[in-house]
Amino acid sequence: MIRTEGLGAHAAAVEAALDRLVEVRAVERILARDYTLWRPDPDEIADRLGWLDAPSRANGRLGPARALAAEARAAGLSRALLAGMGGSSLAPEVFQRVFGPDPEGLDLEVLDTTDPAAVARARADYEPSLTLVLVSSKSGTTVETLSLFKRLWRDAVETLGEAGAAERFVAITDPGSALAETAGELGFRAVFLPDPDVGGRYSALTEFGLVPAALVGVDLDRLLGRARAMAEACAVPDPRANPGARLGAVLGGLAAAGRDKLTLWLPPPIAAFGAWLEQLIAESTGKDGTGILPVLETPHSQPERYGDDRLFVGLRLPGPDASGDALDALCTAGHPVVRLDLADRYDLSGQIYLWEFATAVAGFLLGVQPFDQPDVEAAKARAKELLDRSRGEGTVPEDPPVAFDAGVAIHGDLHAADLPGALAALLEDARPPEYLAVLAWLPPFPELAAALGRLRE
């Protein structure tokens, strides 16, 4: 990987961050799994650092994944359906979209939603006799994943019987989890037990990512070779010569200086990698009133359209670079720009490790614990509470609008005529570096775009 930077006047903030990393011996402490770099309490840090040696450890654990892929092809299976939720299900989708469909692999679909329409579509295409179902849950207790599993299992049993259904199911989960026990009791075709000391969003280079990759037809030796090379580069103690530490200094140093909107450009062949990057960065750093906001877009050729809160990072593959002129213009205008050159799509595994390391470094520089997930755990508890209540009442409860520390969610039965006023009230006191994120649900809300346009005017 070749890295070029155009930091201009912002280089001083990055140099100060690098000095800080040298002062505290950050790289050595990360590699030594010294949790005190982030917090004095080891909880959700000491048991979340297994990703550091995942590329080297995975090499000795690939046999069963390769065997499963070969067996699936020999059995005439053409499709794999992964039921999961959250960070551990994003890497499989990246591998499918970047490397698939491969003539030697299965067509992988990731089902990580409880949206009834999406589940119905997946089930309509689900042919148990031709499909291998992966039930992927680190904890083995994720309500949404287990609900999907139960529905798919019933469908398979109706078609193939219990013994036949079991041959079409695989579990990927932590050792000793409830899912591992269930898989054993039901006689699943295979059960993969990754290193439990790796969090879901850092699990791409463990069995959570590699088993689906093998099924898609990815060359695992080649993939892991690139990841190991990056891990070796990130073991260099000097942060200035360490690509992960240096990128972390850019992310953390500039975010602390106000450049906390990380604008990412990825060329179309690897665009799917953006979703994985978004969650890694946003969920790892967005806590305690601090964070880096990842934004996926094509950099605009008019630099004046952007405020002074942006950092631009472009990933490039060999060939014509559609973002080159735009990034050059941004750099000339004084915006900080970083370019990361990939030799080919297999370099994505090196990028996975690079960004994991950089995110851990940036978390330290921002005073954030990057490995816990307080909002995720709160959401899980809330989902379970709602399901328990609905079982007791026989109905699905309606929640009131939710207010958050950093913003407000507007939802409910808004008429088109109400949108401009509601948005205007929301934005009345908004000032940089605040931002508005618009989420669209089905059916689409065409009036929303019109309302935003009128506000802009």
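**Close-up 1. The exposed side of helix α1.** In this predicted model, Ala 12 and Glu 23 are exposed on one side of α1. The helix itself covers residues 11-23, 13 residues altogether. From first C-alpha to last, α1 reaches 18 Å, close to the 18 Å expected at 1.5 Å a residue. Just beyond the helix comes Arg 25, with a positive phi near 55°.

**Close-up 2. The buried side of helix α1.** Here we meet Val 14, Ala 17, Leu 18 and Leu 21, the buried residues of α1. Looking down the axis of α1, you find them within an arc of 100°, so they line one face of the helix. Residues three or four places apart in an α-helix point the same way, because there are 3.6 residues a turn. What do the buried residues of α1 pack against? Their partners are α2 (26-31), α11 (243-256) and α14 (348-366).

**Close-up 3. An open sheet of 5 strands.** Follow the strands in the order β3-β2-β4-β5-β6, with parallel pairing. At the edges sit β3 (107-111) and β6 (190-192), each of which pairs on one side only. Ignoring direction, neighbouring strands are turned by 20° against each other on average.

**Close-up 4. Where β5 meets β6, and two helices on the sheet.** Strand β5 (residues 169-173) runs parallel to β6, and 3 bridges join the two. Take Ala 171: its bridge partner in β6 is Val 191. Helix α5 (residues 90-99) packs on the sheet, touching β2 (79-83) and β3, and its direction makes about 145° with that of β3. Helix α8 (residues 178-186) also packs on the sheet, where it touches β4 (131-137), β5 and β6. The direction of α8 makes about 155° with that of β5.

Terms used. Residues numbered from 1 in each chain as written. Predicted model: local features only at pLDDT ≥ 70, side-chain atom pairs only at ≥ 80, totals over all residues. Heavy atoms only, no water. Helix = DSSP H or I, 4+ residues; strand = E, 2+ residues; numbered from the N terminus. Expected span 1.5 Å × (residues − 1). Buried < 20%, exposed > 50% of the residue type's maximum accessible area, 1.4 Å probe, protein only. Arc of directions from axis to C-beta. Contact = heavy atoms within 4.5 Å. Pairing = 2+ DSSP bridges. Axes fitted to C-alpha atoms, helices over the stretch in contact; angles between N-to-C directions.
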